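Hi everyone, thanks for coming. I'd like to take a few minutes on how two chains meet, so let me put the structure up.

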There are 2 protein chains.
Amino acid sequence: MSPRRHPDSPWPTEAELDILRVLWDRGACTVREVHEALYAHEGAGYTTALKMLQIMHAKGLVERDDSQRAHVYRAAVTRQRAQKRYLADMVQRLFNGSASQMVLHALGSHPPASREELKEIRALLNKIEAGS
Amino acid sequence: MSPRRHPDSPWPTEAELDILRVLWDRGACTVREVHEALYAHEGAGYTTALKMLQIMHAKGLVERDDSQRAHVYRAAVTRQRAQKRYLADMVQRLFNGSASQMVLHALGSHPPASREELKEIRALLNKIEAGS
DNA sequence: ACCTCACAACGAATTGCTTCGTATATTGCG
DNA sequence: CGCAATATACGAAGCAATTCGTTGTGAGGT
């Protein structure tokens, strides 16, 4: 799903997104940390994690601090940016550009768990209605 | 973004999703119709469309009526199924499993255009709250 | 019957993603 | 120092997705 939507800035691939999730959750990481966080229990090797991070660095998806022997990588895109981008793409490709349709589907299939969440959504709707 | 999530039933790839969109929008189509709907103005050849549909047929993504000389293809998955599946995957991979978070993001970045849509969303929220 | 056109089938080239093995360098320690 | 452990770098294999060219075949018109 990746390399044909916009050649804009690169779309993370599946495996790259897995790595970004680790970096978003845990902050900057060494290769070893990434490896242990998601490759170890899948049986994949250390150099796989290394290569992925090197490729992602070449693509500009992560930044690298190589002042120490064990280089430290951190995400170069925020989680929010990625969320927004994938969301927009999905709305376009699957919901004919209608975000409302997508929201209805999402709420229908996976209704909000807590009253707190429900409240947040209502609050946002109010704000939208007031501002329009 | 496709072939590593569940080996369950296959995820449509990018190009496959484009074709499914055509079949969803226009109903069953011959290869030529698909080609003209989305390959022609991108400069891709007829056999590309043909091959894609053959591959999708082998994967079970489309069904084929070959009783006529020009085979007729139709989607073997509904748009709704696909929407649900991609949505669930995205919530998992990018929103830590929280559909509400995704809804908030969606409404924040692409607020509903019409009051009608707004009303629909509110109605659904009411129904959810009542049923919980 | 023959020719032309539109079709399906299939093999193959290309590209990108993912994984791994090997080579090489650096650090810490006996 | 010399050794073991741990790093990076890099090439290459394997696989899937996409695109195209070629070939064979059936249908319709002359």
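**The interface between chain A and chain B**

About 5,200 Å² is buried between chain A and chain B, and carbon and sulfur atoms give 63% of that area. Please keep in mind as we go that this is a predicted model.

Let's turn to residues. How many residues of each chain are in contact with the other? There are 50 from chain A, in contact with 50 from chain B.

Now for the charged and polar pairs. Between chain A and chain B the count is eight salt bridges. One that you can find on the screen joins the side chains of Glu129(A) and Arg115(B), at 4.0 Å from N to O. As for polar contacts, the rule finds 14 residue pairs across this interface, with both residues at pLDDT 80 or more.

Which helices of chain A supply the side that touches chain B? At least two residues each come from α1 (14-26), α4 (79-94), α5 (99-109) and α6 (115-131). Sorted by residue type, that side of chain A has 24 nonpolar residues, 14 charged ones and twelve polar ones.

Last, the symmetry. A turn of 180 degrees, with a shift of 0.0 Å along the axis, lays chain A on chain B with an RMSD of 0.1 Å. So what we have here is the relation of a two-fold axis. Both copies use the same surface, too: of the contact residues of chain A, 100% recur in chain B.

That's my tour, and I'm happy to rotate the view for anyone who'd like another look.

Note on methods: Residues numbered from 1 in each chain as written. Chains lettered and ligands numbered in written order. Predicted model: local features only at pLDDT ≥ 70, side-chain atom pairs only at ≥ 80, totals over all residues. Heavy atoms only, no water. Contact = heavy atoms within 4.5 Å. Buried area = accessible area lost by both parts, 1.4 Å probe. Polar contact = N/O pair within 3.5 Å; in protein donor to acceptor, adjacent residues only side chain to side chain. Helix = DSSP H or I, 4+ residues; strand = E, 2+ residues; numbered from the N terminus. Nonpolar A, V, L, I, M, F, W, Y, C, P; charged D, E, K, R; others polar. Least-squares fit on C-alpha atoms with pLDDT ≥ 70 in both.
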